[in-house]
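User: I have a new structure open and have not looked at it before. Can you walk me through it?

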Amino acid sequence: MRDETIGAFLDSLADRVPAPGGGAVAALHAAQSAALLGMVARYSTGPKYEEHADVVERVLVKADALRTDALELAEDDAEAFFAVTETYQLPRETDEEKAARSEAIAAALAAAAEPPAAVIVAASHLVAMAEELLPVGNRNVVTDVAAAAEAARAAATTARLNVEINLSGVTDQAVRERLAATAGEVDDLAARADEVTAAVRRQVGA
């Protein structure tokens with residue numbers, strides 16, 4: 001996926017194929033958020049920003065790492081979805097086959113919920129990084145901090161849907177509770193992203 005052109009990816013997204021879908025889009029929102037934060041950090045280096053160089057460097061390193069991770073999550077999401085579709089094709093002629101099929105579906109759905117759950121975690125880090133960078137970053141690119149926060153917000157709210165749609169088929173209670181707890185963090189994350197955007201809008205006089 002990382003080697004596709006944007007146009008080719010959008011063509012695949014628009015096509016009548018199982019994947020990529022919303023899960024990959026959520027991960028790409030996170031990747032774009034990370035890229036924006038990396039850009040702002042790179043514009044916030046030099047003598048003028050020396051006082052906050054440690055914050056900028058920390059954000060820069062983490063943003064680059066999360067950008068790579070998010071692209072991998074986009075690919076993981078597509079692979080997990082294909083795995084789910086394969087389990088639904090398993091035979092179910094006998095009671096044994098039906099039981100094995102149900103078990104395989106539950107396991108595949110649990111696995112399919114993991115990439116979007118990881119996107120939510122990544123988005124939480126991204127919003128925190130936007131909060132860190134906002135007061136110390138280059139004022140000339142301050143709107144890109146808000147854009148990064150909004151992209152992280154979109155990543156989280158979209159990924160939450162993909163976690164929730166798989167939860168109903170997850171039979172492992174511990175896994176269900178962990179995934180539900182991760183999804184439950186999104187409202188707070190979204191509110192924090194909104195605060196970053198509101199702060200930026202105040203700065204630019206909106």
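**Overall layout**

Analyst: Read along the sequence, the pattern is α-α-α-α-α-α-α. Keep in mind that this is a predicted model.

User: How many helices and strands does the secondary structure come to?

Analyst: The protein has seven helices and zero strands.

User: What box do the C-alpha atoms fill?

Analyst: Taken along the principal axes, the C-alpha atoms fill a box of roughly 70 × 35 × 30 Å.

User: And what share of the residues counts as buried?

Analyst: The protein has 206 residues, and 41% of them count as buried.

User: What about contacts between residues far along the chain from each other?

Analyst: Take the contacts with a separation of 6 or more: 79% of these are accounted for by residues 24 or more positions apart.

User: Switching to the surface. How much area does the protein expose?

Analyst: About 10,800 Å² is exposed, and carbon and sulfur atoms supply 53% of that.

User: Which residues make a nonpolar surface patch?

Analyst: Ile 6, Leu 10 and Leu 13 make one, with an area of about 290 Å².

User: Where does Ile 6 lie?

Analyst: Ile 6 is in helix 1, which covers residues 6–14.

User: Why can Ile 6 be part of a surface patch?

Analyst: Patch residues need over 30% relative accessible area. Ile 6 meets that cut-off because its relative accessible area is 68%, and Ile 6 is exposed.

User: Now charges. How many positive and negative side chains are there?

Analyst: There are 18 positive and 34 negative side chains. The centres of the two sets lie 6 Å apart.

User: Which residues form a negative patch?

Analyst: Asp 69, Glu 72, Asp 76 and Glu 79 form a negative surface patch. Of these, Glu 72 lies in helix 3, residues 53–87.

User: Is Glu 72 buried, exposed or partly exposed?

Analyst: Glu 72 is partly exposed, at a relative accessible area of 36%. That value falls between the 20% limit for buried and the 50% limit for exposed, so the label is partly exposed.

User: One more residue, Ser 168. Where is its place?

Analyst: Ser 168 sits in the loop between helix 5 (142–167) and helix 6 (173–183).

User: Buried or exposed?

Analyst: Ser 168 counts as exposed because its relative accessibility is 67%, and the cut-off for exposed is over 50%.

User: How far apart are Ser 168 and Lys 48?

Analyst: They are 120 residues apart in sequence. In space, the C-alpha to C-alpha distance between Ser 168 and Lys 48 is 53 Å.

Terms used
Residues are numbered from 1 along each chain as its sequence is written. This is a predicted model: local features need pLDDT of at least 70, side-chain atom pairs count only at pLDDT 80 or more; totals for chains, interfaces and linings use all residues. Side-chain values use heavy atoms; hydrogens and water are left out. Patches are made of residues with over 30% relative accessible area and no salt bridge: like charges are joined within 9 Å, nonpolar side chains (Val, Leu, Ile, Met, Phe, Trp, Tyr) within 5 Å. Accessible areas come from the Shrake-Rupley method with a 1.4 Å probe; for residues, only the protein chains shown count as cover. A salt bridge is a side-chain nitrogen of Lys or Arg within 4 Å of a carboxyl oxygen of Asp or Glu. Lys and Arg count as positive and Asp and Glu as negative; His and the chain ends are not counted. The place of a charge is taken as NZ of Lys, CZ of Arg, CG of Asp or CD of Glu. Helices (H or I, at least four residues) and strands (E, at least two) are DSSP runs, numbered from the N terminus. Buried means under 20% relative accessible area, exposed over 50%, partly exposed in between (1.4 Å probe, protein chains only). Contact means heavy atoms within 4.5 Å.
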